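Trainee: Could you take me through one part of this model in detail? I'd like a close look at how a pair of helices packs, and then whatever else helps me place that part in the whole.

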Amino acid sequence: MALAAAPLLRLPISPPSPPPAQTPPPLLACNSVNGVRLRPQRSRQPRRAAAAAATASLAADTERRKHELLRAVQETGRGFAASPDQRASIEEAIVSVEELGAGEGSPLDLAALDGTWRLCYTSASDVLVLFEAAERLPLLQVGQIYQKFECKDRSDGGVVRNVVRWSIENLLEEQEGATLMVSAKFAVMSKRNIFLQFEEVVVENIKISEQLQALIAPAILPRSFFSLQILQFLQTFRAQVPVNGPERRSPGGLYYLSYLDRDMLLGRSVGGGGVFIFTRAQPLFFGLWKPEGSVPNND
């Protein structure tokens with residue numbers, strides 16, 4: 001007797017499972033390139049901030065030292081009335097500014113030197129003699145003293161004009177009645193040394209006082225041709241005396257410019273001739289100058 005075949009059992013066939021996803025290896029953040037290990041990148045911001053802070057600190061220290069120097073020269077009559085103790089303190093303050101060494105080791109910046117500088121203090125005998133003369137002669141007045149450098153487009157030297165404003169009481173305008181100007185050519189000898197060769201001495205810009213004008217040409221009387229000629233002659237008077245020429249060689253001088261920035265100039269006459277402290281002046285009108293910023297009045 002034949003047996004009936006048992007039906008085959010069909011099991012559901014599931015699709016094969018995909019292989020497990022493989023996690024890619026972590027990227028090395030610029031740690032290596034082609035097997036060469038690199039230094040990690042660091043932000044430059046802290047370095048820039050530190051540099052800016054150092055620059056600000058240096059600028060503040062510079063201004064502090066310059067301010068202390070200008071305070072030290074107050075009440076000294078631009079050096080004429082300075083006591084020995086004051087001169088010692090001023091010398092210390094000068095050295096303190098010179099230590100900053102603006103431009104030290106680099107060629108003299110003639111573009112920065114160019115312009116007009118106002119004398120605040122000196123120990124040079126050839127300048128102090130002017131103040132001594134004004135002290136002994138009651139009618140003589142010595143006003144502002146300037147040095148005007150003309151060397152903007154030069155690299156080897158230029159021209160410097162020493163300008164002295166002076167007056168005679170009741171005859172000329174007070175302090176600014178006339179101008180004595182000593183002109184010189186200068187040559188750059190080294191990074192900080194210049195040599196001056198004096199060229200001429202000029203007296204000009206005579207400004208007579210109202211009292212003298214009234215004496216020459218009284219306002220209540222008709223001004224004659226002669227009186228007008230006298231006034232014009234005085235106002236346009238200019239005496240020029242050359243001090244250098246083929247037959248006569250003028251004396252010269254070697255100066256060391258120990259400090260120079262945008263508003264202060266320090267110099268020393270080589271050979272013990274004295275020190276000079278100048279501050280920047282700016283044009284005012286008709287050839288006059290005024291100090292730039294707050295500068296002590298040392299008259």
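**A helix pair and its surroundings**

Mentor: Let's start with the whole chain: of the 299 residues of the protein, 33% count as buried. Keep in mind that this is a predicted model. The protein has six helices and twelve strands. Among contacts between residues at least 6 apart in sequence, 63% join residues at least 24 apart.

Now for the close look. Two packed helices are described by the angle between their axes and the distance between the axes. Here the pair is helix α1 (residues 45–72) and helix α2 (residues 84–98), whose axes come within 9 Å and cross at roughly 160°. Angles over 145 degrees count as roughly antiparallel, and α1 and α2 are therefore roughly antiparallel to each other. As for handedness, the crossing of α1 and α2 is left-handed. On the α1 side, the contact is made by R65, K66, L69 and A72. On the α2 side, I90, A93, I94, S96 and V97 make the contact. Sorted by class, the contact of α1 with α2 has six nonpolar residues, along with one polar and two charged residues.

The loop between the two helices deserves a stop too. E75 lies in the loop between α1 and α2, and R78 is found in that loop as well. E75 isn't a glycine, yet it has a positive phi of about 60°. R78 isn't a glycine either, and its phi is also positive, at about 60°. Where they part ways is accessibility. E75 is exposed, with a relative accessible area of 71%. R78, on the other hand, is buried, with a relative accessible area of 4%.

With the helix pair done, let's turn to the aromatic rings. The structure holds three aromatic pairs. In one of them, the rings of F149 and F186 have their centres 5.6 Å apart and their planes at 85°, so the pair is edge-to-face. This pair links distant parts of the chain: F149 sits in strand β4 (residues 140–150) and F186 in strand β6 (residues 178–188), 37 residues apart. Both F149 and F186 are buried.

Y255 and F276 also form an edge-to-face aromatic pair, with 6.2 Å from centre to centre and 65° between the planes. Again, distant parts of the chain are linked: Y255 is in strand β9 (residues 252–260) and F276 in strand β11 (residues 274–283), 21 residues apart. The cut-off for buried is under 20% relative accessible area. Y255 therefore counts as buried, at 16% relative accessibility, and F276 counts as buried at 12%. There's a further ring to add here, since ring pairs link Y255, F276 and F278 into a cluster.

One last residue before you go off and explore. Q213 has its place in helix α5 (residues 210–216). Q213 is partly exposed, with a relative accessible area of 25%. Leaving out residues up to four places away in sequence, Q213 touches I208, P218 and L231. If you'd like a C-alpha distance to check in your viewer, Q213 and L228 are 10.0 Å apart in space and 15 residues apart in sequence.

So, back to the part you asked about: picture α1 and α2 as roughly antiparallel to each other, with a left-handed crossing. Then add the loop between them, with E75 exposed and R78 buried.

Terms used. Residues numbered from 1 in each chain as written. Predicted model: local features only at pLDDT ≥ 70, side-chain atom pairs only at ≥ 80, totals over all residues. Heavy atoms only, no water. Axes fitted to C-alpha atoms, helices over the stretch in contact; angles between N-to-C directions. Helix = DSSP H or I, 4+ residues; strand = E, 2+ residues; numbered from the N terminus. Parallel < 35°, antiparallel > 145°, perpendicular 65-115°, else oblique. Left-handed = near helix turned anticlockwise from the far one by under 90°. Contact = heavy atoms within 4.5 Å. Nonpolar A, V, L, I, M, F, W, Y, C, P; charged D, E, K, R; others polar. Phe/Tyr/Trp six-rings, centres within 6.5 Å; stacked < 30°, edge-to-face > 60°. Buried < 20%, exposed > 50% of the residue type's maximum accessible area, 1.4 Å probe, protein only.
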